[in-house]
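Open the structure in your viewer and keep the selection tool at hand. The tour below goes from stop to stop, saying what to select and what is there.

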Amino acid sequence: MTRRKFCFNDYDIIGFDLDCTLARYKNYPLMRYLYNSMLEFMIQERDYSPVLSQYTWEEGHPFVQRGIFLDSTKGNFVKLNRYGSIIRASHGREFMTDKEIEVAYGPSRTATIFQEYIKTNREVTGRLYCFHDVFILPAMLLCANAITHSDSIYGKQEEYSTWTDVFSALMNLYRRDGLLTQSGAFFRAILGETHLHVNALSPRFKEWLLSLKRNGKVLYLCTGSNVEYCSFLSNFILGKDWKNYFHITICHAGKPGFFYGNRPFLGSGASDGREVSNPLTDLKVGGVYSNGNWRELEQWMTNRFLPNLSRQPNCMYLGDNIVLDVLGARQSMGVMNDAIAVIDDLDSRTPASEWGSFFEPSNLWTYLLRRFCLITIPAVEDLATVSLNYSFTPFSENHHGYFPHMPPEVPVVAPSAVTATVRKPIAVSGASVKMMGRGSRGLSSGQEQRKAKARNREGHITAWPLSLTADLSIDPIVSDEEFDRPSELFRNISGGSVSLADVTDQLRPGDLDSLPGESVAQVYIATAAASADATSSATSCGGVELSGLAKPEMTPAPVPMCNVAEESAQVRSLNLLEYQSKVLLNDHNVNVQRFKMAERDEDADRIAKEFVVDEFVMVAESVDIKRETYVCLLLDRDSDGPILIASPDGGADIEELAKTSPEKIHKYKIDVLEGITDKQADDVAEFLQFQGHLKKEAASQIKALWRLFCSVDAVQLEVNPLAETTDNQVISVDAKIVFDDNSAYRQRDIFDQEDLAEKDPREVVASKHNLNYIAMDGNIGCLVNGAGLAMATMDIIKLHGGEPANFLDVGGGVNQAQVLEAFKLLTSGAYPISSRHASTCSLDENVKAILVNVFGGIVNCGTIAEGIVGACRNIDLNVPLIVRLEGTNVDEARRILSESGLPIVAATDLKDAAQKAVESLA
C-alpha cells in the first residue's frame, strides 16, 4: 500500500460500500428500537424472564463498542490487541480485574481461539463471535445483560448458551425476505419511518460524486445488501436517479470473498426487483447485478471506460467494515485496491464507551486501520469539504492518518515523548496518580482523559506525558526491526523502583527521535496547577514505583480538530423546520408526539386524507395537554457557561412572564464537565410541579435535552411547552434549537438540512459565495469590503440625498470570482436559487446605480479592479458604475480601470463617490 500523500484525482476506479458508508444510520434511535425488538423476542419466543426488560438500551448503551469479541462459552467479552492478548474484559456487564482475566486465560491473557482469529481473521465457530458491525451491537448488550441477569439468579456457570438465543433474535431482525414481506424489525423500521433512522446524503456530497465522474473516474457501488434493499436505500439517500451516480452496481457481493473469489455475476431481471439466478457473461453500463468478483469487474471497467490507459488502474474502495471492506479490498485478486475506512467512532459526537476509545493504539482494530488503509474518516461527507486535488496524508510512522481530525479520545504524542500503552485508567487525584481496578465503577480511561483535558483548557491543571512504561507492552504500528531500540528498552523495564532519571540513563542519543511518536498510547499525569512547582511523592503505577516526577518542561500539542481552510469564514444563522427539529429531539431520546413526513400527495392522503401537499407536510399525533411548562438550555455570557431556565407556566411569552411574575422563573447553572446531575434534574422537575412517576420521567427528559444540547453544538434549546398530557406522559410539543455556526464543519448532517426556500433568495445566493448581503429599499447598490466601511458608505449616501439598496460586504479575502457574483447580485436578472425549485428569481431590480467603495488593507485593490472589469464584460451592466478605490496597489487598480475602455466613473474619495452616485440618478 502506498504511503505517499494522495488525492482522489490519483485514482482511476473508486468503489463505495452502501450501509454505514454512503448510507449513514442514526445509530442511537435505530439501535434502541432493534434492542427492544430482540428483547421482546427473547421473552416471548425463548421464554426468558420479563425481568430482563429492566435492562434498557438507554442505561446500557455505553457498554457497546464495535470490535469487541464474545467468548460465548465463558460468557466473557474481550478487547484484544494485535497479538491476541486481552486489553480488558468483562463477564456479562461486569468488567474483570487483572487477576480475574489471568485466572480465566492464564498469565499470557490469551487463548487459542483468539490466536486463531489473529492468524485467519475467522471466528471459531460455536464459541468466538466478533461484534465488528454496528448492526449487531444491540445483540452485544442484550447478551451481556442476559448473562448478568442469569448470574444474579443462578450464580456464575461453567458454560453459557445465552448467545445461541441472542443470535436467533438477531437473525429474526434481518430476515432475508424482510424488505418484500415487511417482516423483521429492522426492515419494518426502515420502511416505516426511514427519515428517523437514515440520513440522506447532502447536495454537496452528491455534487462531489458527480465531479468524480466528470473528471473521468469510474465509480461503482458494491454492497452486501440484496438488490431490493440496495435500491430502496439508494433511492432514499441519493434520489430516484441514484443509478446515475455509478457506472455499475454490485449487490449481495459477499465480501470479503468478492475481492479474491471467483463467483459469477448474476442478473436482477425480475419485474419486482428480486434477484434471479442468471449467470452473466457481459455487464452493461448502469446495470445492477448480484454476486460476482473483483477481478472480472476491474477488467470490465478498465476495458469499457479506460481503454487508453497504458498502466494498471489505480483503484480505491471505501467501506466501514474493517474485515469485509478494508482487509477484503487489500486482498484483491488481480489489481490491488487501496482502502479508506469510514468509522463513525471518529465522530466527536459518538458517545463514550465503557471500553475506552476504539482508537486506543493497542486495539487490534486500530493496528489494522493503520496497517492496511490509507486514512480513516468519520463520514464520506467529510470528503466533499475539500477538492479532488486535496492532498491527504496517509497513516505512517510520522502521521496519524485521521481526517478531518484526530479521534476525540486519543492524545497527540509530543515529538520527544517516550510513550506506552496502559492497561488501567488513570484517575486524577491531587498531585498523585492512582490506578483504578477494572472491577470498580470509576470512569473509563477515555472519560478521565476528556475530563483532564477539559480542566486543562480551563487552566485548572497541567498535563504532560509520562516518559516511561512499566511491565506494559509496547504495540508499535511499524515493525520492531525499524524501531527496535526503544521497544527493547521498554520491554526490559519489568519492575522495581524506577525513576525518570533511571530511565533517562538507559536512553541512547536518538532513541526518542526514532520511536514512532503516534504509534502507541500516551500516558498522562495530571497535577493541580497550584502544586505544579512541587515534586510529587513516590507513586505506584502498574506495579512499578515512580519517583521524582518534577515539573514538566513541555505540554501536549493541540489536537487539530478540522481542516477548515476551505470552509466559509462567514457566520450565519441556521434555520431548521419543525419536522427537522422533531427528528433531532427524537434521535436523542426526547419524547415528542408521533409524526411522519409526507413528500407526495399520495403520502399525505395515506397519512391524513384532508392534507393537500404543496411541498412537504408533517403529520403529527394530536396531544391532549393537561399542563404546560417551560424549559430552556442556553449558553449564558453572564454565567460564563450553560444554564437551564425553567418555569411551571409554559406556553406563554417567557419575557413577559419574567416581567410580571419573576418568581415563576428559576435559573440553574450547569457545570460543563459534569452536565446536569441527577439532583439538578430532580430539582427542576419538582419546580416544574411534576408529581409521582411523572417527576422521574420529567427529570429523565431534562437530561435527554442536555445530551441533545451538547451533541448538536446548540447555543439555545428552548422547549415551550414541555407538556404533561392527560394520559400521563411528558412530551416536548414544540421546540426551538439555535446552533453554533462555528460547528458547521462537524454538524454537516444538520446544517445540510436547512430549507433555503424560506430565506431571502439574495441572501441564499450571497452565502453560497461567502458574501454578506442584506436587502434594503433604496436604489443605489453598494459593494464594499468590511462591515464598518459598508455602514459608513450607506450613511454618506443618505447624507447626500440617496437611498442605499443593500448592504453587501465582500470581506477581506475577496477574489475575482466573488466580485463577479457580487455584481450579479446587484444587477437585475434571473438567478437560480435551489435545486428544489425549478423557477428563478430576479435580484435587486430597484438598483439604478452601483457604488463600489473598497479600502485595500487586506484586500488587493488590483484584484478588485480586475474583478470589476471581468464582471462588466460578463454581464449586461446597464446602470452607472461609480468606483472609489484606496489602499494596497491602488495605482495599478486605477490603471486597470482606466485602460478597460468601460464607462466606469472614478471617484477620488468617499464624499465624491456618494455625490456622483446620487447625481447619476438625476
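Start with Glu-754, which sits in the loop between helix 25 (748–751) and helix 26 (761–768). The model is a predicted one. Is Glu-754 buried or exposed? Its relative accessible area is 10%, and buried means under 20%, so Glu-754 counts as buried. Now add Gln-580 to the selection: this residue is 174 residues away from Glu-754 along the chain, yet the two C-alpha atoms are separated by 8.9 Å.

**The five-stranded sheet**

Next, select strands 3 to 7. These five strands form an open sheet, in the order 6-5-4-3-7, with antiparallel pairing. Strand 6 (94–95) and strand 7 (128–131) are at the edges; each has a single partner strand, so one side of each has no neighbour in the sheet. Strands of a sheet pair through backbone hydrogen bonds, which may be parallel or antiparallel in arrangement.

Zoom in on strand 3 (residues 68–71) beside strand 7, where four bridges hold the antiparallel pair. Which residue of strand 7 is the bridge partner of Ile-68? Select Phe-131 to see that partner.

Then show helix 4 (residues 112–120). This helix lies across strand 3, strand 4 (76–80), strand 5 (86–91) and strand 7. Its direction is at about 55° to strand 7.

**Lys-79**

Stay with this sheet and select Lys-79, which belongs to strand 4. Lys-79 has 1% relative accessibility and therefore counts as buried. With which side chain does the side chain of Lys-79 make a polar contact? Select Gln-65: the contact between the two side chains is 3.1 Å.

Leaving aside residues up to four places away in sequence, Lys-79 touches a list of residues that includes Ile-68, Ser-85, Ile-86, Ile-87 and Arg-88. Also among them are Trp-355, Gly-356, Ser-357 and Phe-358.

**Aromatic residues**

Colour Phe, Tyr and Trp next. How many aromatic pairs does a search of the whole structure find? The count is 43. For one of these pairs, select Tyr-129 and Trp-163, whose ring centres are 4.6 Å apart and whose planes make 45°, a tilted arrangement. The pair links distant parts of the chain, since Tyr-129 is in strand 7 and Trp-163 is in helix 6 (residues 162–173), 34 residues apart. Tyr-129 is buried, at 17% relative accessible area, and Trp-163 is buried as well, at 11%.

For a group of rings, select Phe-6, Phe-8, Tyr-11, Phe-205, Trp-208, Tyr-390, Phe-392 and Phe-403, which form one aromatic cluster.

Two arginines are worth a stop here. Arg-304 lies over the face of Phe-305, 5.2 Å from the ring centre. Arg-371 has its charged end over the ring of Phe-372, at 5.1 Å from the centre.

**The eight-stranded sheet**

Select strands 1 and 9 to 15. Here eight strands form an open sheet in the order 11-12-10-9-1-13-14-15, and the pairing is mixed. At the edges are strand 11 (265–266) and strand 15 (376–377), each with a single partner strand, so one side of each is left without a neighbour in the sheet.

Helix 11 (residues 227–238) packs on the sheet and touches strand 9 (218–222), strand 10 (248–251) and strand 12 (288–291). The direction of helix 11 makes about 130° with that of strand 10.

Move to strand 13 (residues 315–319) and strand 14 (residues 337–342), which run parallel and are joined by five bridges. Met-316 is opposite Asp-338 of strand 14. Helix 14 (residues 322–330) lies across strand 13 and strand 14, at about 165° to strand 14.

**Strand 33 and a loop**

Select strand 33 (residues 806–809). Asn-806 and Leu-808 point one way from the strand, while Phe-807 and Asp-809 point the other way, and all are buried. In a regular strand the side chains alternate between the two faces of the sheet. Strand 31 (residues 772–775) runs antiparallel to strand 33, with four bridges joining them. In that pairing, Leu-808 is the bridge partner of Tyr-773.

End at Asn-846, in the loop between strand 35 (840–842) and strand 36 (849–856). Not counting residues up to four places away in sequence, Asn-846 touches Gly-778 and Asn-779. Its C-alpha atom is separated by 9.2 Å from that of Leu-826, 20 residues apart along the chain.

Key:
Residues are numbered from 1 along each chain as its sequence is written. This is a predicted model: local features need pLDDT of at least 70, side-chain atom pairs count only at pLDDT 80 or more; totals for chains, interfaces and linings use all residues. Side-chain values use heavy atoms; hydrogens and water are left out. Two strands pair if DSSP finds at least two bridges between them. Helices (H or I, at least four residues) and strands (E, at least two) are DSSP runs, numbered from the N terminus. Contact means heavy atoms within 4.5 Å. Axes are lines fitted to C-alpha atoms, for helices over the stretch in contact, and angles run from 0 to 180 degrees between N-to-C directions. Buried means under 20% relative accessible area, exposed over 50%, partly exposed in between (1.4 Å probe, protein chains only). A polar contact is a pair of N or O atoms within 3.5 Å; within protein, one must be able to donate a hydrogen and the other to accept it, and residues adjacent in sequence count only if both atoms are side-chain atoms. Rings of Phe, Tyr and Trp (its six-membered ring) pair if their centres lie within 6.5 Å; planes under 30 degrees apart count as stacked, over 60 as edge-to-face and the rest as tilted. A charge sits over a ring if NZ of Lys or CZ of Arg is within 6 Å of the ring centre and within 35 degrees of the ring normal.
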